Amino acid sequence: MCQAETDMASLDLLRSDLQGGRERFLALVADIRHDLHRYCTRMTGSVSSGEDVVQETLAKAYYSLGEVYQLPQLRSWLFQIAHSRCVDYLRRYDRRLGQPLETVEHTAVDQTASPEDALAREEAVRAAISTFLELPAAYRSCVILKDVLGHSVEEIAVILGLTVPTVKAALHRGRTRLRSRGAATEPHVSGHAPSPALVRYAALFNARDWNAVRAMLAEDVRLDLVARQTRSGKHEVGGYLSNYAAKVDWRFAPAWLDGREVLAGFHASSDERPSYFIELTFENELVTMIRDYRYVPYIAHDAELVLAMPDEVRLRRPHS
C-alpha cells in the first residue's frame with residue numbers, strides 16, 4: 001500500500017472514531033437537550049436562536065472533554081456552558097443585558113418551597129418566550145432555571161457562579177417583574193399574508209412535484225438539516241428532497257413564528273399540531289437557504305407557531 005493510500009485509510013479511521021465519539025456523546029446528553037433548549041430559547045427570545053446556542057454548547061462541551069481534568073456533573077456543566085453562550089449571543093446581537101448578576105443586591109428573601117413557588121412556576125411556564133426578554137438577564141437566568149426548569153437555588157448558584165443570597169434576590173425581583181408584565185401574551189402574528197414564494201414552495205412540496213421544487217432552488221442554495229448535516233449547491237440539496245420523497249403522510253403549511261414566516265411541518269397529515277418547522281430564505285423567488293428542524297424533536301414544544309388562515313393561503317397547485 002502506498003503512502004497516499006495509508007494516509008487515506010488513517011483519515012477514514014479517524015473520521016469513524018470521531019463520528020462514533022460524537023454519537024456516543026449526543027446519546028449521553030439526549031435527556032438534557034430539551035431543557036437546555038428551553039433555557040436558551042427564553043434567554044435569547046427565539047426558538048431557532050435557542051437551538052443555535054444549544055448546538056454551540058454541545059460542540060464546546062464535546063471538544064472540551066479532553067481538557068477536563070476531572071469529569072464534572074454533566075447537567076450543571078452543560079448549563080454553565082449554555083449560560084455563557086447565551087450571554088455571548090446577547091452581546092453579539094446587542095441585546096439588552098441589563099444589570100449583571102454580580103451586582104444584584106443581596107436581599108434576605110425566603111425562597112423555601114411555598115404556594116408562592118408553585119404559582120411562580122405556573123406563571124413562568126405559561127409566559128410567552130418573548131416576555132422573558134423584558135427581564136434583565138440577571139433576573140431572567142434565575143427565573144428560567146428555577147421556575148421553568150425546576151433547579152434549586154443552590155444548583156443555580158453553582159451554574160451561574162454566584163452566592164445563594166444573590167440568586168434569591170435576583171429570583172425574587174425577576175418573579176415580581178414577570179408578574180407585573182402579565183404571565184401570558186398573545187403570539188405575534190404578522191398582519192399580512194405569507195409571501196407567494198413560500199405559498200408556492202409549500203404547495204409544490206405537498207404535491208410531491210420534486211422537479212418543480214428543485215426549479216425553485218438557487219444554484220448556490222445551502223441546507224442546514226439541524227443537528228444532522230449541512231449541504232450546499234443545488235445538486236446536493238436535491239438529495240435532501242429525495243429523502244422526503246421516500247417518506248409518506250407528511251404535509252407542510254405556511255405559518256408565522258416570532259413575526260416571520262416559516263413552514264410548519266406535520267409528520268402525519270392527520271396531526272393537528274405541527275411537529276417542527278422549516279425556515280426558508282428567498283432571493284428573487286429562489287430558495288437560497290433552508291434550515292430544517294425535522295431532527296430536533298423538541299423544537300415545536302416552545303415554538304409559538306401560528307398557521308396562516310385558509311383565506312390567506314390558496315394552496316392550489318400553482319402553474320409551473
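**A walk from H7 to the S3 loop**

Let's start with a helix pair: H7 (residues 137–148) packs against H9 (residues 164–180) at an angle of about 90°, and their axes are 8 Å apart. With that angle, H7 is roughly perpendicular to H9. Keep in mind that this is a predicted model. On the H7 side, the contact is made by Ala138, Tyr139, Cys142, Val143, Lys146 and Asp147. H9 brings Val167, Ala170, Leu171, Arg173, Gly174, Arg175, Arg177 and Leu178 to the contact. Sort the residues of this H7 and H9 contact by class and you get 8 nonpolar, 1 polar and 5 charged.

Next stop, helix H10 (residues 196–206). Here 8 of the 11 residues are buried, so H10 is largely enclosed by the rest of the structure. If you want to pick them out on screen, the buried residues of H10 are Ala197, Leu198, Val199, Tyr201, Ala202, Ala203, Leu204 and Phe205. What covers them? The cover over the buried residues of H10 includes two helices, H11 (210–215) and H12 (234–245). It also includes the strands S3 (251–257), S4 (260–266), S5 (276–283) and S6 (286–292).

Now step off the end of H10. Just after this helix, Arg208 takes a positive phi of about 60°, and it does so although it is not a glycine. Arg208 is found in the loop between H10 and H11. Is Arg208 buried or partly exposed? Its relative accessibility is 31%, so Arg208 counts as partly exposed.

Carry on along the chain and you reach a hairpin. Strand S1 (residues 217–225) and strand S2 (residues 229–232) run antiparallel, and 4 bridges join them. One pairing to look up is that of Asp224, whose bridge partner in S2 is Thr230. The hairpin has 3 residues between the strands, and in this hairpin Ala227 takes a positive phi near 70°. As for side chains, in a regular strand they alternate between the two faces of the sheet.

One more backbone spot deserves a look, in the loop between H12 and S3, where Asp249 is found. Asp249 is not a glycine, yet its phi is positive, at about 70°. Where does that leave Asp249 in terms of accessibility? At 37% relative accessibility, Asp249 counts as partly exposed. Both elements that flank this loop have come up already: H12 and S3 are among the elements that cover the buried residues of H10.

Terms used. Residues numbered from 1 in each chain as written. Predicted model: local features only at pLDDT ≥ 70, side-chain atom pairs only at ≥ 80, totals over all residues. Heavy atoms only, no water. Axes fitted to C-alpha atoms, helices over the stretch in contact; angles between N-to-C directions. Parallel < 35°, antiparallel > 145°, perpendicular 65-115°, else oblique. Contact = heavy atoms within 4.5 Å. Nonpolar A, V, L, I, M, F, W, Y, C, P; charged D, E, K, R; others polar. Buried < 20%, exposed > 50% of the residue type's maximum accessible area, 1.4 Å probe, protein only. Pairing = 2+ DSSP bridges.
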